[in-house]
Amino acid sequence: KAKESGKDRYLVYDARMREGVVNVLAVENDLKRALRAHEFEAHFQPIVNLSDGQLYGFEALARWNHPQRGLVSPGEFIPVAEETGLIVELGAHILEYACTTLSQWRSRYPGAGNLVMAVNISAKQFGEAKLVTSVKDILARSGLPPGLLKLEITETVVMLDAMESSVRLNLLKSLGVKLSVDDFGTGYSSMSYLQKFPVDQLKIDLSFVRLMEKGPENIEIIRAIVNMAHSLRLRVVAEGIETERQRDLLYSLQCDYGQGYLYSKPLPRDEAEAFLVMAE
Ligand code: C2E
Ligand code: MG
Ligand code: MG
Ligand code: MG
């Protein structure tokens, strides 16, 4: 059955590709130009401790400052960057931007000492053997203590090749960085692998947070995820919190951290600094 739906998905994708092939080429060329022109940066979304509302850290989210199109969101360029392999260079740039930013904040704001920086790693980036040395070099250049960097890797990517992932995750772990499973619950996951991988955190996808108020069974799913995570000594972050009710529910389910528009949208570097002035 999985095979069938996989094939269907491929066919749909293929049809879209043919229509969009000119567009993909255009975007690819534009991406190459933009990388040389340094048009990519990250915006930063606060992550807070649900128990006391204190700032815990930020997630760096890629943004393209396009000269004609304005600010372009990652949904429009990450897939093309991934397809063309440009994600490796782009990802390294975002990682360095994020690590350097937190490193600078730490030297300027006394309250920034323990904040963490979460950075997304795509499938192709994760598949590159060079990733480990790239992360190591960026940490060294930025001066960020490795334990303050959290790499977010989606469940689906981790599950693609469990053996290979296990090796890669252990190498990353040996650098001292933290690992987070992003979009947890949306892909195919095997709970048994979760305890074999050296991950520190699960990130509950916003689709679950959205469903929470639509029925008690959805609350039970989150409760089960949180309980399982805690019994494996993992921390849990919920993304996409938009209402106080969602926050209160997640707190009552003992979810550790939260992120969402209720607190803040992702902000450009200078605007995100307002949160540091307030941090203790
Ligand atoms: P993600 O890592 O799951 O990031 C969370 C997304 O949810 C972000 O979208 C964020 O802006 C959005 N979000 C956060 N809180 C709320 C909320 O309360 N309501 C709603 N509606 N949305 C919220 P964004 O920035 O558009 O990024 C989308 C995806 O693109 C990310 O999902 C991630 O998979 C990918 N991405 C972003 N930056 C990077 C990057 O530097 N490298 C890689 N490889 N992927 C990236
Ligand atoms: Mg993420
Ligand atoms: Mg996520
Ligand atoms: Mg998500």
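**Three magnesium ions, ligand 1 and a nonpolar core**

Asp183 has a relative accessibility of 23% and therefore counts as partly exposed, since the buried class ends under 20% and the exposed class begins over 50%. The model in which this residue is seen is a predicted one. Asp183 is a convenient place to begin, as it is among the donors of the magnesium ion (ligand 4).

The protein donors of the magnesium ion (ligand 4) are Asp183 (OD), Asp205 (OD) and Glu239 (OE), and they lie 2.3 to 2.7 Å from the ion. Along the chain, these donors follow the spacing D-x21-D-x33-E. Asp183 belongs to strand S6 (residues 178-184) and Glu239 to strand S8 (residues 235-239), so the pair ties together parts of the chain that are 56 residues apart in sequence. Glu239 has a relative accessibility of 10% and therefore counts as buried, whereas Asp183, at 23%, counts as partly exposed.

Asp183 and Glu239 appear again at the magnesium ion (ligand 3). The coordination there comes from Asp182 (OD), Asp183 (OD) and Glu239, the last listed with two OE entries, at 2.0 to 2.8 Å. In sequence, the donor residues of the magnesium ion (ligand 3) are spaced D-D-x55-E.

Asp182 leads from this site to the next one. This residue bridges the magnesium ion (ligand 3) and the magnesium ion (ligand 2), which lie 3.6 Å apart. A separation of 6.0 Å lies between the magnesium ion (ligand 4) and the magnesium ion (ligand 2).

The magnesium ion (ligand 2) has as its protein donors Glu59 (OE), Asn120 (OD1), Glu152 (OE) and Asp182 (OD), which lie 2.0 to 2.2 Å from it. Their spacing along the chain is E-x60-N-x31-E-x29-D. Glu152 is placed in strand S5 (residues 149-154) and Asp182 in strand S6, so this pair ties together parts that are 30 residues apart in sequence. Glu152 is buried, because its relative accessible area is 1%, and Asp182 is likewise buried, with a relative accessible area of 5%.

The surroundings of ligand 1 take up two of these donors. Ligand 1 has 23 residues around it, of which Arg63, Asn120, Asp182, Glu242 and Tyr261 come nearest. Asn120 and Asp182 are also among the donors of the magnesium ion (ligand 2). Several elements build this shell: strand S2 (55-66), helix H2 (74-84), strand S6 and helix H9 (206-211) each supply at least two residues. The largest share, 4 residues, comes from S2.

Individual atom pairs fill in the picture. A polar side-chain atom of Arg63 is 2.9 Å from an oxygen atom of ligand 1. A polar backbone atom of Ala62 lies 3.0 Å from a nitrogen atom of ligand 1, and a backbone N or O atom of Ser122 is found 3.4 Å from a nitrogen atom of the ligand. On its own, ligand 1 has 810 Å² of accessible area, and the protein covers 82% of this.

Ser122 deserves a closer look. This residue sits in the loop between strand S4 (116-121) and helix H4 (123-127). With a relative accessible area of 13%, Ser122 is buried. Its side chain makes a polar contact of 2.6 Å with the side chain of Glu82. When neighbours within four places in sequence are left aside, the contacts of Ser122 are Glu82 and Ile87.

The last region to consider is nonpolar. In soluble globular proteins, nonpolar side chains tend to be buried together. In this model the largest nonpolar core has 87 residues, and Phe44, Trp105, Val135, Leu149 and Leu172 have the most contacts inside it. Helix H3 (residues 87-108) provides the largest share of this core, 9 residues. What is Val135 in contact with, leaving aside its neighbours within four places in sequence? Its partners are Leu95, Leu149, Leu151, Leu172, Leu175 and Val177. Of these partners, Leu149 and Leu172 are themselves named among the residues with the most contacts inside the core.

Conventions:
Residues numbered from 1 in each chain as written. Chains lettered and ligands numbered in written order. Predicted model: local features only at pLDDT ≥ 70, side-chain atom pairs only at ≥ 80, totals over all residues. Heavy atoms only, no water. Donors = N, O, S within 2.8 Å, 3.2 Å for Na, K, Ca; no water. Buried < 20%, exposed > 50% of the residue type's maximum accessible area, 1.4 Å probe, protein only. Core = buried A, V, L, I, M, F, W, Y, C linked by side-chain atoms within 4.5 Å. Contact = heavy atoms within 4.5 Å. Near = heavy atom within 4 Å. Polar contact = N/O pair within 3.5 Å; in protein donor to acceptor, adjacent residues only side chain to side chain. Areas by Shrake-Rupley, 256 points an atom, 1.4 Å probe, with all protein chains shown as cover.
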